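Here are some exercises to work through with the model open beside you. Try each task before you read its solution.

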Amino acid sequence: MALHITSLNSGSNGNCYYVGNTTDAVLIDVGISCRETEKRMNKLGLSMNTVKAIFVSHEHGDHIKGVSTLANKYNLPVYITEKTAKNGPRLIAHLAKRFAPNEPVCVGSLEITPFAKCHDAADPHSFIISSQGITVGVFTDIGNVCKEVIHYFKLCHAVILEANYDEVMLENGPYPLHLKNRIRGGLGHLSNKQALELFLEHRPPFLSRLFLAHLSKENNHPQLAKTLFAEKSNGTEIIVASRYEPTEVYIVTAPGEKALQIDRTLSKPLQLALYESINLVNARAKLASCSDFLIYLQTKSGFLYPDKCP
Ligand SMILES: [Zn+2]
Ligand SMILES: [Zn+2]
């Protein structure tokens, strides 16, 4: 059994994360428009028919922008707490469902467990999603690493984890002091350093993938964050979730199963013969490092490449 996971968008301009198996999926937050959500899923070969529910982490606009339109269009239940709903998306009443912290909710063959977190919102929660022994966590908008975050992090085979800002960049950056203090004050966002400490101190041995998420445009840089983690990844694949485009669909499996499995629906022209040189050149130019490029090749082809820069 496996869980398919992708970030459709990640950052203060919109968050939407897809987690599911071959029959059922949930969206954690829909902070991009309904149309953009559909477009990006379609591009990845994912179907809205598989999506059975939306879970809302908190009421900030970058997490709810497309919730009501998408839910209404597809008649999807929206799991949201009462306090979040008061300030959150306008929903048709019958679509709103409640959840409570640490009480698992079953959606088809998936089990979603919410837990409370520290963030300056009415009633913020994060979630783990489990299916037949595989667990994925979606932990963004976290002011600090509380014991709940640690507890659930330790259960995960893959985690979408906030790495919002570099402390030096925030300190020296353009934000006014009150905003800097809001971000780093314990109810804002997690720094690269805080996220790295969580990863290094509490990573379970079966954590195969870590997505760095909700990166600040002004106070962080994808390559900076990736390098910081990659140096100490010890076998865990590090992926930066973009503010501008979806990640590939990653398939998370149990330990001992093949670590790199590819959703072949993504890559119809799978054969290397179809990699026209122009696409490779463009991809190489866009990706920041040789290792990024190798991951790109691997995810496109399903084949492992030798550990050298092509
Ligand atoms: Zn956010
Ligand atoms: Zn927020």
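**Exercise 1. The nonpolar core**

Task: In this predicted model, find which residues of the largest nonpolar core touch the most other members.

Solution: Start with the set as a whole, which holds 66 residues. Those touching the most other members are Val-19, Val-26, Ile-54, Val-159, Leu-161 and Leu-212. Next, look at where the members come from: strand β3 (residues 25-30) supplies the largest share, with five residues. As background, nonpolar side chains in soluble globular proteins tend to be buried together.

Now take Leu-212 as a case. Setting aside neighbours within four places in sequence, Leu-212 contacts Leu-161, Ala-163, Ala-225, Lys-226, Phe-229, Ile-238, Val-240 and Ala-241.

**Exercise 2. A pair of helices**

Task: Describe how the axes of helix α8 (residues 192-202) and helix α9 (residues 222-230) cross, and list the residues that make the contact.

Solution: Two packed helices are described by the angle between their axes and the distance between the axes. Here the axes come within 11 Å and cross at roughly 25 degrees. Angles under 35 degrees count as roughly parallel, so α8 is roughly parallel to α9. The crossing of the two is right-handed.

For the contact itself, α8 contributes Asn-192, Leu-196 and Phe-199, while α9 contributes Ala-225, Leu-228 and Phe-229. Sorted by type, these residues are five nonpolar, one polar and no charged.

Then widen the view to the buried residues of α8, which are Asn-192, Gln-194, Ala-195, Leu-198 and Phe-199. Their packing partners are α5 (147-153), β11 (158-162), β12 (209-213) and α9.

**Exercise 3. Buried, partly exposed or exposed?**

Task: Classify Leu-3 and Pro-255 from their C-beta neighbour counts, and place each one in the fold.

Solution: Begin with Leu-3, which lies in strand β1 (residues 2-9). Leu-3 has 23 other C-beta atoms within 10 Å and is therefore buried, the cut-off being 20 or more. Apart from neighbours within four places in sequence, its contacts are Val-19, Gly-20, Asn-21, Ile-129, Ser-131, Ile-134, Val-136 and Val-252. One of these partners, Val-19, is 16 residues away in sequence, with 6.7 Å between the C-alpha atoms.

Pro-255 sits in the loop between β14 (250-253) and α10 (277-286). Its count is 13 other C-beta atoms within 10 Å, so Pro-255 is partly exposed. The C-alpha atoms of Pro-255 and Ser-208 are 8.3 Å apart, although 47 residues separate the two along the chain.

**Exercise 4. Positive phi**

Task: Work out where Gln-132 and Asn-234 lie, and what their phi values are.

Solution: Most residues other than glycine have a negative phi. Gln-132 has a positive phi near 45 degrees. Its place is the loop between β9 (125-131) and β10 (134-139). With 12 other C-beta atoms within 10 Å, Gln-132 is exposed.

Asn-234, also not a glycine, has a positive phi of about 50 degrees. Asn-234 belongs to the loop between α9 and β13 (237-240). Because it has 10 C-beta neighbours inside 10 Å, Asn-234 counts as exposed.

**Exercise 5. The whole chain**

Task: Summarise the protein chain by its secondary structure, burial and contacts.

Solution: Count the elements to get 11 helices and 14 strands. Of the 310 residues, 42% count as buried. Finally, among contacts with a separation of 6 or more, 64% join residues 24 or more positions apart.

Note on methods:
Residues numbered from 1 in each chain as written. Chains lettered and ligands numbered in written order. Predicted model: local features only at pLDDT ≥ 70, side-chain atom pairs only at ≥ 80, totals over all residues. Core = buried A, V, L, I, M, F, W, Y, C linked by C-beta atoms within 7 Å. Helix = DSSP H or I, 4+ residues; strand = E, 2+ residues; numbered from the N terminus. Contact = placed C-beta atoms within 7 Å. Axes fitted to C-alpha atoms, helices over the stretch in contact; angles between N-to-C directions. Parallel < 35°, antiparallel > 145°, perpendicular 65-115°, else oblique. Left-handed = near helix turned anticlockwise from the far one by under 90°. Nonpolar A, V, L, I, M, F, W, Y, C, P; charged D, E, K, R; others polar.
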